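Work through the exercises below with the sequence and the coordinates open. Each task is followed by a solution in steps.

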Amino acid sequence: MLTVAGIGPGNTKYLTVQVLEAIKSAECIVAFGRAGESIKDLRSDYIKVKNIDEVYRYSLRKENILILASGDPCFYGILEYLKNKDILVDEVFPGLSSFQYMMGKLKKSWHNSRFLSLHGREESLESVLDTPMTIILTDSINTPKTISKKLHELSMRGTMYIGYNLSYEDECILKINIGEEIEDISSLAVVVVENEMD
């Protein structure tokens with residue numbers, strides 16, 4: 001049996017009760033680096049993996065396996081990768097997504113937002129131009145600094161909220177104008193773009 005669970009933004013206090021119980025009772029836990037680091041005080045006997053192919057190899061085992069992923073596995077997460085590999089997933093336990101955590105911190109509604117993942121993906125930022133609010137997942141290449149510069153080059157005006165290391169002790173949330181120079185504090189970031197539409 002294969003279960004996929006989201007650990008939320010990182011800090012274990014944001015684990016759902018369902019995921020916490022699954023972590024405590026799992027026969028075998030497979031986790032990517034950050035997800036594993038987050039739960040090491042709960043379980044130190046997890047198997048650390050670096051890429052999706054390693055996850056695939058462990059998924060072929062007969063025992064009950066819990067795969068842990070950061071955020072919510074259903075939101076630009078590991079679930080789609082497993083399905084693309086034709087891996088049968090028996091259960092999915094959702095987690096709090098980093099963008100939900102961020103929007104709570106900003107006290108902003110997100111129901112009319114556009115979502116864009118640049119985390120390990122290449123997408124055009126032009127889609128941001130005709131949307132009042134866009135929530136963007138970043139990575140070490142598509143950083144908030146890069147996004148700010150590219151949106152400025154597209155002549156976009158507005159505000160960017162940048163959340164670094166969300167839910168961790170060194171969490172930092174910044175507010176800048178699009179095009180403003182910033183230093184990328186971490187590769188773990190969520191960007192919220194408010195478009196100053198004419």
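**Exercise 1. Find what covers the buried residues of α1, then describe the two sides of the helix.**

Solution. The cover over the buried residues of α1 includes β1, β2, α2, β4 and β5. Helices (H or I, at least four residues) and strands (E, at least two) are DSSP runs, numbered from the N terminus. The model is predicted: local features need pLDDT of at least 70, side-chain atom pairs count only at pLDDT 80 or more, and totals for chains, interfaces and linings use all residues. Residues are numbered from 1 along each chain as its sequence is written, and side-chain values use heavy atoms, with hydrogens and water left out.

Step 1. List the buried residues of helix α1 (residues 17–25): Val19, Ala22 and Ile23. Buried means under 20% relative accessible area, exposed over 50%, and partly exposed in between (1.4 Å probe, protein chains only).

Step 2. Look down the axis of α1: the buried residues fall within an arc of 100°, so they line one face of the helix. The arc is that of the directions from the helix axis to the C-beta atoms.

Step 3. Turn to the other side of α1, where Val17, Glu21, Lys24 and Ser25 are exposed. An α-helix has 3.6 residues a turn, so residues three or four places apart point the same way.

**Exercise 2. Carry out the analysis for α3 and α6: which residues are buried, and what lies against them?**

Solution. Step 1. In helix α3 (residues 52–59), Glu54, Val55 and Ser59 are the buried residues. Seen down the axis of α3, they fall within an arc of 140°, so they line one face of the helix.

Step 2. These buried residues of α3 pack against β1 (2–6), β2 (28–32), β3 (47–49), β4 (65–69) and α4 (78–84). Contact means heavy atoms within 4.5 Å.

Step 3. In α6, the buried residues are Pro144, Ile147, Ser148 and Leu151. Down the axis of α6 they fall within an arc of 100°, so they line one face of the helix.

Step 4. Lys149 and Glu153 are exposed on the other side of α6, while the cover over its buried residues includes β7 (133–137), β8, β9 (172–177) and β10. Just after α6, Ser155 takes a positive phi of about 65°.

**Exercise 3. Which residues of the largest nonpolar core touch the most other members?**

Solution. Step 1. A nonpolar core is a set of buried Ala, Val, Leu, Ile, Met, Phe, Trp, Tyr and Cys residues joined through side-chain atoms within 4.5 Å. Of the 17 residues in the largest one, Leu125, Val128, Ile136, Ile147, Leu151, Met160 and Val193 touch the most other members.

Step 2. Assign elements: α6 (144–153), β8 (158–164) and β10 (189–195) each supply at least two residues of this core. Another core lies apart from it and has 15 residues, among them Ala5, Leu15, Ala22 and Ile39.

Step 3. Take Val128 and leave aside its neighbours within four places in sequence: it is in contact with Arg114, Leu116, Thr134, Ile136, Leu151, Met156, Val193 and Asn195.

**Exercise 4. What is the geometry of the aromatic pair of Phe99 and Trp110?**

Solution. Step 1. The structure holds seven aromatic pairs. Rings of Phe, Tyr and Trp (its six-membered ring) pair if their centres lie within 6.5 Å; planes under 30 degrees apart count as stacked, over 60 as edge-to-face and the rest as tilted.

Step 2. Phe99 and Trp110 are edge-to-face, 4.8 Å centre to centre with 90° between the planes. Phe99 lies in helix α5 (residues 98–106) and Trp110 in the loop between α5 and β6 (114–117), so the pair ties together parts that are eleven residues apart in sequence.

Step 3. Phe99 is buried at 4% relative accessibility, whereas Trp110 is partly exposed at 32%. Phe75, Tyr76, Phe99, Trp110 and Phe115 form one aromatic cluster.

**Exercise 5. Where is Tyr76 found, and what is its phi?**

Solution. Step 1. Tyr76 is in the loop between β4 and α4 and is partly exposed, at 34% relative accessibility.

Step 2. Its phi is near 45°, a positive value in a residue other than glycine. Most residues other than glycine have a negative phi, and most peptide bonds are trans.
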